[in-house]
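Trainee: I would like a close look at a single part of this structure. Please go through it slowly and keep to what the coordinates show.

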Amino acid sequence: MKVQLIRLAHARSGDKGDTANVGLIALQPEFYPIIEREVTAARVKEHFKGICHGDVDRFELPNLGALNFLLHESLGGGGTLSLMTDAQGKTFSTAMLRMQIDISEEEARSLGLT
Amino acid sequence: MKEKIRIAAGQGFWGDLPDAPVRQVEGGPIDYLMLDYLAEVTMSIMQKQRARDPNAGYARDFVPLMRRILPACVERGIKVTANAGGVNVAGCAAAVRDVARDLGLAGQIKIGIVTGDDILDRVDELLGRGIELRNMDTDEPLSRVRDRIQSANAYLGAAPIVEGLNRGAHVVITGRATDTGLTLAPLIHEFGWAEDDWNRLAAGTIAGHIIECGAQCSGGNCQFNWQDIPDLANVGFPIAEASPDGTFVITKHDGTGGRVNLPSVKEQLVYEMGDPHGYITPDCVADFTTIQLADGGQDRVRVFGIEGRPATEFLKVSISYSAGYKAVGTLVYSWPDAYAKAEAADKILRARLDRLGLQFEQILTEFVGASATHGSLAGKPSPDLAEVQLRVGVRGDDRKAIERFTKEIAPLILTGPPGVTGFAGGRPKVEEIVAYWPALIPKNEITARVEIIDA
């Protein structure tokens, strides 16, 4: 079944030059293994198609139940050069939470997601 | 040695809630007030101000703030660390000294002045010696923008601030210093941490990272259960309550709004994060993957287990340069077919710009209310949207072309799709772009200087 990431995680995003960072944090410790398994760099690159024009790097922070993503070439030049409403990438966090991921009915049931 | 040192953050950026530092001083016990004033391109604004007036060039708001809080700080023994000095640290310190004397605090206050960060006058000499100051993001050499540089400052770390405190300063004012150094320095000063005690230096650095954005770790901009966060109107700014062993608690004053809990602290920890294994500052390299958090009760989060590594041989340099011009024009289209009308207006506008032969380095159209923040992830816009804001921005080196663009927005009202409004602000303004150029410089090129003056 499909589960939207907003049911599994919260997030905060920011900028460093033309790179947006998205920190994705599991809402409960037992959700972390799912986001770690499902929300890969490749999956994020695909999700932000047309928005992120560069590579996506992923880093794991199991100590915080969190993943950190760097989305390069995403902010129209970044900083004061950018013409975007969201030149600082502040809303990439919620854009990330729109992602739909596939998990089995059984796993969803065991995590109370059905 | 004190068993606990409470460091309160008073500003998350220059322009944050004006009364927050006052409330930190008056709202409960603290030992230090930390104030961060410098965003990436703030120094260029201050350079311009100083060019017009040799007494200007620092965060002006800091002086009236000190007038309000200095008496209470003296009475309660609260010290202040602030990077309010911009490109005129001595001028800022002199203004604070005058305020202290006005308040009858002469002889009771020492002010520490940290300089040595400003390398604007040394850029040619550095380039001449082969220090290229390449852009950390793009790897281009600085020579590409040499004639357009407006400011150049190395980020100083905690060490000179510690020296100021060790020499008895009650208020330490710096130019470009890292936000984290403003928090770490009091801990080194109070607890006598060694300069190679990497784990504790990393802990103090991470404490600084958590509180440096003000209320963004205590309930502000917090996504987790945001509807339930109490009384943001009265939001409490964060306090790091640190122990000599390098553990600390993030909290806020009793009776304030907002919330400090595991999710609020985690959200701030990941904010503007790069590689979590190596958060690099002048003082150490902190490893965010070692951070342990625990619930410490109501509005208290315990932070422990932090590990760090030796600092690098480089300092980051923040250079600002003039990078052309931009302007942004907006109009609002209403139901029915708000999105379709905004889209049609954009086509008309672009056809007119083409006919005028205007060249821009970049032109960007956004539809606020439909897709400006989430792009195609927002899905197809509903035909029932109540309104959509058309927002068109242009950027380029040719000021005249940008100016001509600003004259093409208002005419759309009488010469484009119907149901349009939202032009009360007049023609869009042409803005000069001051862009940011991050670079590295060997540490041995930079010598921080510390001076102490008496009020």
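Trainee: Are helix 6 of chain B and helix 7 of chain B parallel or oblique to each other? Please take that pair as the part to examine, together with what surrounds it.

Mentor: This is a predicted model, and what follows is computed from it. Two packed helices are described by the angle between their axes and the distance between the axes. For helix 6 (residues 159-166) of chain B and helix 7 of chain B, the axes cross at roughly 45° and come within 8 Å. Angles under 35 degrees count as roughly parallel, and helix 6 of chain B and helix 7 of chain B are therefore oblique to each other. Their crossing is right-handed.

The residues that meet can be named. From helix 6 of chain B they are Ile161(B), Val162(B), Leu165(B) and Asn166(B), and from helix 7 of chain B they are Gly181(B), Leu182(B), Ala185(B), Pro186(B), Ile188(B) and His189(B). By class, this contact of helix 6 with helix 7 of chain B has seven nonpolar residues, three polar and no charged ones.

Helix 6 of chain B has further neighbours. Its buried residues are Pro160(B), Ile161(B), Val162(B), Gly164(B) and Leu165(B). Ile161(B), Val162(B) and Leu165(B) are thus buried and also among the residues that meet helix 7 of chain B. Besides helix 7, the buried residues of helix 6 pack against strand 3 (79-82), strand 4 (110-115), strand 6 (171-174) and strand 19 (449-454) of chain B. Just after helix 6 of chain B, Gly168(B) takes a positive phi of about 95°.

Strand 4 of chain B can be followed through one residue, Val114(B), which has its place there. Val114(B) is buried, because 29 other C-beta atoms lie within 10 Å; the cut-off for buried is 20 or more. Leaving aside neighbours within four places in sequence, Val114(B) is in contact with Pro160(B), Ile161(B) and Gly164(B), among others. Those three residues are listed among the buried residues of helix 6 of chain B. The contacts of Val114(B) also include Val89(B), Leu156(B), Val172(B), Ile173(B), Thr174(B), Ala177(B), Ala448(B) and Val450(B). For one of these pairs, Val114(B) and Val172(B), the C-alpha atoms are separated by 7.4 Å, although the residues are 58 apart along the chain.

Now the other partner of helix 7. Helix 7 (residues 179-191) of chain B and helix 8 (residues 198-211) of chain B pack at an angle of about 130°, with their axes 8 Å apart. That angle makes helix 7 of chain B oblique to helix 8 of chain B. Helix 7 passes helix 8 of chain B in a right-handed crossing. On the helix 7 side, the residues that meet helix 8 of chain B are Asp179(B), Thr180(B), Leu182(B), Thr183(B), Leu184(B), Leu187(B) and Ile188(B). On the helix 8 side they are Leu201(B), Gly204(B), Thr205(B), Ala207(B), Gly208(B), His209(B) and Ile211(B). By class, the contact of helix 7 with helix 8 of chain B has seven nonpolar, six polar and one charged residues. Leu182(B) and Ile188(B) appear in the contact with helix 8 and also in the contact with helix 6.

Another helix pair of chain B serves for comparison. Helix 3 (residues 62-76) and helix 4 (residues 89-102) of chain B pack at an angle of about 30°, with their axes 9 Å apart. They are therefore roughly parallel to each other. The contact is made by Phe62(B), Val63(B), Met66(B), Arg67(B) and Leu70(B) of helix 3 and by Cys92(B), Ala95(B), Val96(B), Val99(B) and Ala100(B) of helix 4 of chain B. Those residues divide into nine nonpolar, no polar and one charged.

Finally, the setting. Chain B has 12 helices and 19 strands. Of its 455 residues, 48% count as buried. Residues 24 or more positions apart account for 76% of the contacts in chain B with a separation of 6 or more. With 455 residues, a compact globule would have a radius of gyration near 23 Å, and the 25 Å of chain B agrees with that. The C-alpha atoms of chain B fill a box of roughly 75 × 55 × 45 Å along the principal axes. Chain B also has a partner: 41 of its residues are in contact with 32 residues of chain A.

Definitions and conventions:
Residues numbered from 1 in each chain as written. Chains lettered and ligands numbered in written order. Predicted model: local features only at pLDDT ≥ 70, side-chain atom pairs only at ≥ 80, totals over all residues. Axes fitted to C-alpha atoms, helices over the stretch in contact; angles between N-to-C directions. Helix = DSSP H or I, 4+ residues; strand = E, 2+ residues; numbered from the N terminus. Parallel < 35°, antiparallel > 145°, perpendicular 65-115°, else oblique. Left-handed = near helix turned anticlockwise from the far one by under 90°. Contact = placed C-beta atoms within 7 Å. Nonpolar A, V, L, I, M, F, W, Y, C, P; charged D, E, K, R; others polar. Rg over C-alpha atoms; globule rule 2.2 N^0.38 Å. Buried ≥ 20, exposed ≤ 12 C-beta atoms within 10 Å, placed from the backbone.
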